[in-house]
Amino acid sequence: REEFLTKKKEIFHNKKIKNIFIFFGGSDPDNLTLKALEALCHKNFEKLILSVVIGESNLNANSIKLKVSKRKNASLFIQTDNISDLMCKADLSIGAGGSTTWERLFIGLPSIVTIIADNQRSYTEQLAKDNYIFLTGDKNETSKYDIQRLINYCINNPNLLTEKVKMGQELVNGKGTKLVVDKMISLIED
């Protein structure tokens with residue numbers, strides 16, 4: 001999306017994780033946002049700042065609002081237009097596969113990802129295999145403990161996050177549309 005093309009985070013540089021961005025798509029029918037919030041209720045994570053994004057169509061908005069309101073350092077954003085700004089402020093993301101995966105890679109936001117649709121499976125699994133993202137697995141198999149385990153792993157391995165950021169920004173450079181158009185034109189001209 002256009003809003004991302006002018007934004008990129010600074011390279012992670014082995015800093016501590018302080019701010020987590022949570023987004024499982026606008027509707028999040030499987031209520032993974034609440035599962036992530038429950039994972040973050042563990043006392044080890046109580047000082048983390050949370051930026052939680054949901055859409056207006058989220059059927060679990062009331063339970064998410066309640067959970068966010070009980071945490072002093074959490075903010076809820078509903079149908080926001082500044083997702084790229086929130087991503088740039090975050091040190092780690094918890095979310096779904098899908099188009100947001102590419103935006104997180106471009107921005108330079110290390111991510112814990114859950115597969116929420118079959119059309120995400122092949123590339124999300126490949127990104128995890130190639131060490132671009134941390135994969136919890138399929139939405140039906142992911143528990144709050146899987147999320148907690150990966151958050152702890154990220155907190156304890158900041159040097160690994162730095163490497164993922166570099167790799168992700170090399171993979172997704174924001175010029176994909178131009179590359180595809182150039183390739184199509186070259187095929188027509190040949």
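This is a short walk through some helix packing, burial and aromatic pairs in the structure above. Keep in mind that the model is predicted.

I will start with helix α4, residues 99-107. This helix is mostly covered, with seven of its nine residues buried. The buried ones are Thr-100, Thr-101, Glu-103, Arg-104, Leu-105, Phe-106 and Ile-107. So what covers them? The cover includes strands β1 (19-23), β4 (92-96) and β5 (111-115), and helices α3 (83-89), α5 (121-129) and α7. Right after α4 comes Gly-108, and its phi is positive, near 100°.

Compare that with helix α8, residues 176-189. None of the 14 residues of α8 is buried, so this helix lies largely in the open. Its length is as expected: at 1.5 Å a residue, 14 residues should span 20 Å, and the end C-alpha atoms are indeed 20 Å apart.

Next, a helix pair. Two packed helices are described by the angle between their axes and the distance between the axes. For α6 (residues 144-156) and α7 (residues 158-171), the angle is about 95° and the axes are 5 Å apart. An angle from 65 to 115 degrees counts as roughly perpendicular, so α6 is roughly perpendicular to α7. On the α6 side the contact uses Tyr-153, Cys-154, Ile-155 and Asn-156, and on the α7 side Pro-158, Leu-160 and Leu-161. By type, six of the residues in this contact are nonpolar, one is polar and none is charged.

Now the aromatics. How many aromatic pairs does the structure hold? There are three, and I will show two of them.

One is Trp-102 with Tyr-123, a tilted pair, 5.4 Å centre to centre with 35° between the planes. This pair links distant parts of the chain, since Trp-102 sits in helix α4 and Tyr-123 in helix α5, 21 residues apart. Both rings belong to partly exposed residues: Trp-102 has a relative accessible area of 33%, and Tyr-123 has 23%.

The other is Phe-134 with Tyr-153, which is edge-to-face, at 5.9 Å centre to centre and 75° between the planes. Here too distant parts of the chain are linked: Phe-134 is in strand β6 (residues 134-138) and Tyr-153 in helix α6, 19 residues apart. Is Phe-134 buried or exposed? Phe-134 counts as buried, at 7% relative accessibility, while Tyr-153 is partly exposed at 40%. Tyr-153 is also one of the α6 residues in the contact with α7.

For a buried strand residue, take Leu-50 in β2 (residues 49-54). Leu-50 has 0% relative accessibility and counts as buried. Leaving aside neighbours within four places in sequence, Leu-50 is in contact with Ile-20, Leu-37, Leu-40, Arg-71, Asn-73, Ala-74 and Ser-75. From Leu-50 to Thr-33, 17 residues away along the chain, the C-alpha separation is 12 Å.

Last, two loop residues with positive phi that are not glycines. Asn-31 has a phi of about 55° and is found in the loop between β1 and α1 (32-39). Gln-79 has a phi of about 50° and lies in the loop between β3 (74-78) and α3. As for burial, Asn-31 counts as buried at 17% relative accessibility, whereas Gln-79 is partly exposed at 45%.

Key
Residues are numbered from 1 along each chain as its sequence is written. This is a predicted model: local features need pLDDT of at least 70, side-chain atom pairs count only at pLDDT 80 or more; totals for chains, interfaces and linings use all residues. Side-chain values use heavy atoms; hydrogens and water are left out. Axes are lines fitted to C-alpha atoms, for helices over the stretch in contact, and angles run from 0 to 180 degrees between N-to-C directions. Helices (H or I, at least four residues) and strands (E, at least two) are DSSP runs, numbered from the N terminus. Angles under 35 degrees count as roughly parallel, over 145 as roughly antiparallel, 65 to 115 as roughly perpendicular and the rest as oblique. Contact means heavy atoms within 4.5 Å. Ala, Val, Leu, Ile, Met, Phe, Trp, Tyr, Cys and Pro count as nonpolar, Asp, Glu, Lys and Arg as charged, and the others, Gly among them, as polar. The expected span of a helix is 1.5 Å times one less than its number of residues. Buried means under 20% relative accessible area, exposed over 50%, partly exposed in between (1.4 Å probe, protein chains only). Rings of Phe, Tyr and Trp (its six-membered ring) pair if their centres lie within 6.5 Å; planes under 30 degrees apart count as stacked, over 60 as edge-to-face and the rest as tilted.
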